[in-house]
Amino acid sequence: MNAVHKKRLIIVIVGVAVFSAAAALVLYALNENINLFYSPTQVAEGEAPVNKRIRVGGMVAEGSVEREPDSLKIQFTVTDYENSLIVHYDRVLPDLFREGQGIVATGKLDDKGRFQASEVLAKHDENYMPPEVSDMLKKQGANASEAAPKL
Amino acid sequence: MNSKRLRLFLPLIGFVVVCGFLYRGLMLEPSKLPSALVGKAFPEFSMPGLKQGQQLDQSMLIGQVALVNVWATWCPSCRAEHRFLNQIAEQFDMPIYGLNYKDDRGKAVQWLARLGNPYRFSVFDEEGSLGIDLGVYGAPETFVIDHNGMIRYKHVGVVDMQVWRELLLPLVEELQLAADQKVIQ
Amino acid sequence: MIPEIGHFALILSFCFSIALGVLPMLGVYQKNTLLIWLAGPLVAAQLVFIAISFALLTWSFAVDDFSVIYVASNSNRALPMVYKVTAVWGAHEGSLLLWVLILSGWAFAVGYFSRNLPNDIRAMVLSIMGLVSVGFQLFLLYSSNPFLRFLPDFPLDGNDLNPLLQDFGLIVHPPMLYAGYVGFSVAFSFAIAALLSGRLDASWARWSRPWTNIAWVFLTLGITLGSWWAYYELGWGGWWFWDPVENASLMPWLVGTALLHSLAVTEKRGAFKSWTVLLAISAFSLSLLGTFLVRSGVLTSVHAFAVDPERGMFILVFLAVVIGTSLIIYAVRAPTVKSYAVFELFSRETLLLLNNVLLIVATMTVLLGTFYPLIYEATTGGKISVGPPYFNLIFAPLILLVLPLMTLVPQIFWKRSPTTDLIKKNIIPLLCSFILCAGLWISSDLEATNELNIQIILAVLFATWLFIALIKDLVGKLVSYKKAHQGSVFDGIRSLTLGYYGMLLAHAGIAICVIGVAVVSVYSVDKDLRLAPGDLVEMGGYQFEFKGLSQTKQANYTALTANIEVTNEAGERWIMKPEKRTYPVRQSQMTEAAIDAGFFRDLYLALGEPLTKGAWSVRIQVKPLVRWLWLGGLLMAFGGFIATLDRRYRAKKVTASGVGI
């Protein structure tokens, strides 16, 4: 093995090591951080895991929003017109959150079948919207990328 | 060709794979929101019509294969859609019902007077409650209902001539045929 | 009439682009000097007509011509004039027109500034840019024409511009970003021309470098401004969201950064040629891919209404043609490109290669994270999202590897380098940064930290090390100049190249940016509170008192303003006014945050929704060093700009090739 070959070998080994370390990290990270989407019906049928970060989506049922008088705690019902799910939340809601609006919430399902949301995104029911804007709205929490929750 | 040359094709192969997924992504049709209501009866309602003094309910939709179109004056896409609806109403023997969604009655009446009225009648859903029962996301949306008042299809977005000819018309004709056969039997 | 003339100008420009894409290229292969010469005039004509088209669309906005569908959907009589003008690129069609305008501008600039290039190379580059332009103009004319009219009857007033876009951010952010994306088309065209002509040498790299630099500068500025804009406009204090559109701009940036460095190696050492060419193709390909992602709705799938499958299909076909063809050209022609450079394992070349590998790994990670929902849905049918933690988890270690490399690369030599020197050179900077970090850590309020982990500590440590090493390097160079030449310090400063200063600034920018990110993610305080008039809260060393609300009416919106009095530890008081705005035309609401900006910390107040008994939900945030991340971005861009001005790019007429005169 001459010097050139040795050098090449080292470069290849280092390259392969970096790539495989990255690949392993990526697989791990992906596995940990994908949030599956469930509809209230899927949750009702017991398909959604308990105490694991998931996302649920549907319409906020009319008249279901209840606030605690002295805190930010709020609860509302999300429905897909077949089943519904109670969502608890205690942060500031997005501008477009309204009853009768579609929302997507990220959070965990607790043992009692309630959904503890850590983030609520409201969907926009405007008519025409350029993609850049819909994207900006999404960041603002006014939109949901995965939009089409399966109703 | 040696292995070194073959290696140069790797980026191309990677790109072809990415393209394949992008194509699948497009084909998944993000605009298709399957409604939980497809295959179910049109929800019950009792509401005023857009015309002053008119009172409407779901029974008035039953009898013929029809389109129910969700529209509003605040929606520019609806304006684009309107002339197609006028054409469809003119050329085909099939009722189109309107659902005037979260709108202002005065503006809506004016709009129909100005642009023409393709609807047999329009339900005036000021609060959007029927829209909620229907799972409406926005306007325009169009439902195909059969002669029994069952929802058969939901289209999100503008119905133009292409959508009408390629998507809705075949379905409508099929449903009409089925309805006729029932009558004969 | 005006919109029709605009439309006609667009068609004319399209015709000139076709001619530009075909004739000069033909001329190169047939050695026809007339056809080659045509590249110049055609590039000018293309620019003139696309500019006319753009100007006329702007005119239609300015005079409220609501018979034009695009104007009616995105403007309104009550809109202030400045927003009427910027609304031109507020939506799909107009922004695409801007894209083509910028592309033509770049092509013209290449034609103008590259007169010293061999004529055939220049003609080829311009031809390739013309072909790219043809694709985009076809897209405009075929499915995104901004000049379509509502006929016969049109609305009396428009639908208004989205309130989010009624802002300074919109004026500058998209054009910068587009200039960056499109700018990579120059490096791309140079690369393809080099592959086709087989002339891939040091001078090729030297011609490509300033163009790549400038494109990178624009992209850096665009991303920085975008992040800043999201921070102050979206209302929730976030500055990076890892969403598909941001990722679409980050990927070409990462590859572009790799390209900059790889081009340097190719120019100086003649190594990595094939790799550099592949990076040049990739940088532009990823820009196009970004466009596809943003506009096809494949990933931001909600917007059923904005999504036009026909448009998506068009861009996909366009992507396949452009990227596919160039990768085929690459695969077929790259074997003719040989690198003969010899270098040792421990040399600047190897470390730069390693840095390239890391940047590519980063890009692939972002690509995978962005596309994973699509792959998942295509293979299993389930819907998922990939959360920000995925990206953070990957990026933190990558940054930790990149930072030391950035410190070491300028210290070692091309070809081969002794290792003994390095320890001596770095012991002081490392010690300094270590003491500095320890001091900061001890003096900081540990209870306020969110999650101080080893990665964050190392990131700050490495970033300070990088920063100090850069200063030491500069000082060392000046001192040795003085020793050697007995000149003044000023002479010493002048003796160093602009390329060197550019490198210093850009790398210092990275260090500052990393420190900002690390500190703000650990030391931020962020709370959602219920505040009634008269309520007082204390957070992060500040007192916030909710004084009350007032209502004001503006031309195109009404605002509800909260008055919140802030008191700092020194007892100084001032009022901050977060707003909730309602825009009647679109019936939409917007949160307008109040930001008290500072070099060391930002106070960020956003008004949520009304609760019972006159109380409101309010989000209060104290964000230390948040400004540093944009400051770092600006510094990087400035460094890139300075480096572009380096004397050696202002090359004389190339005579070696024998073609150019």
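# A walk through chains C and A

Start by selecting chain C: 53% of its 661 residues are buried, where buried means 20 or more other C-beta atoms within 10 Å of a residue's own, exposed means 12 or fewer, partly exposed is in between, and the C-beta atoms are placed from the backbone. What you have open is a predicted model, in which local features need pLDDT of at least 70, side-chain atom pairs count only at pLDDT 80 or more, and totals for chains, interfaces and linings use all residues. Residues are numbered from 1 along each chain as its sequence is written, while chains are lettered from A and ligands numbered from 1 in the order in which they are written.

**Chain C, zoomed out**

Along the principal axes, the C-alpha atoms of chain C fill a box of roughly 85 × 80 × 60 Å. The radius of gyration of chain C is 27 Å, which agrees with the value near 26 Å for a compact globule of 661 residues; it is taken over C-alpha atoms, and the globule rule is 2.2 Å times the number of residues to the power 0.38. Colour by secondary structure and you get 18 helices and 11 strands in chain C. These are DSSP runs numbered from the N terminus, with helices being H or I of at least four residues and strands E of at least two.

**Helix α1**

Now pick residues 2-30 of chain C. This is helix α1, with 29 residues and 41 Å from first C-alpha to last, close to the 42 Å expected at 1.5 Å a residue; the expected span is 1.5 Å times one less than the number of residues. Click on Glu4(C) in α1: Glu4(C) is exposed, with 11 other C-beta atoms within 10 Å. Just after α1(C) comes Lys31(C), with a positive phi near 55 degrees.

**Where α2 meets α6**

Next, select residues 33-62 and 119-143 of chain C. These are α2 and α6, packed at an angle of about 35 degrees with axes 9 Å apart. Axes are lines fitted to C-alpha atoms, for helices over the stretch in contact, and angles run from 0 to 180 degrees between N-to-C directions. Show side chains for the contact, which includes Ile36(C), Ala39(C) and Val43(C) of α2(C) and Ala123(C) and Leu126(C) of α6(C); a contact means C-beta atoms, placed from the backbone, within 7 Å.

**Into the core**

Which residues touch the most other members of the largest nonpolar core? Select Ala187(C) and Val514(C), which do so among its 216 residues. A nonpolar core is a set of buried Ala, Val, Leu, Ile, Met, Phe, Trp, Tyr and Cys residues joined through C-beta atoms within 7 Å. Leaving out residues up to four places away in sequence, Ala187(C) touches a group including Trp211(C), Leu259(C) and Phe284(C). Then hop to chain B: Leu50(B), Leu56(B), Leu99(B) and Val172(B) are among the 36 residues of a second, separate core.

Back in chain C, find Met251(C) in helix α9, residues 244-269. Is Met251(C) buried or exposed? Met251(C) is buried, because 25 other C-beta atoms lie within 10 Å. Beyond four places in sequence, Met251(C) touches Leu286(C), Gly290(C), Thr363(C), Val366(C) and Leu367(C).

**Last stop: chain A**

Finish on chain A, with three helices and seven strands. Trace the elements from the N terminus and they run α-β-α-β-β-β-β-β-β-α. Of the 151 residues of chain A, 48% are buried.

Definitions and conventions
Two residues are in contact if their C-beta atoms, placed from the backbone, lie within 7 Å.
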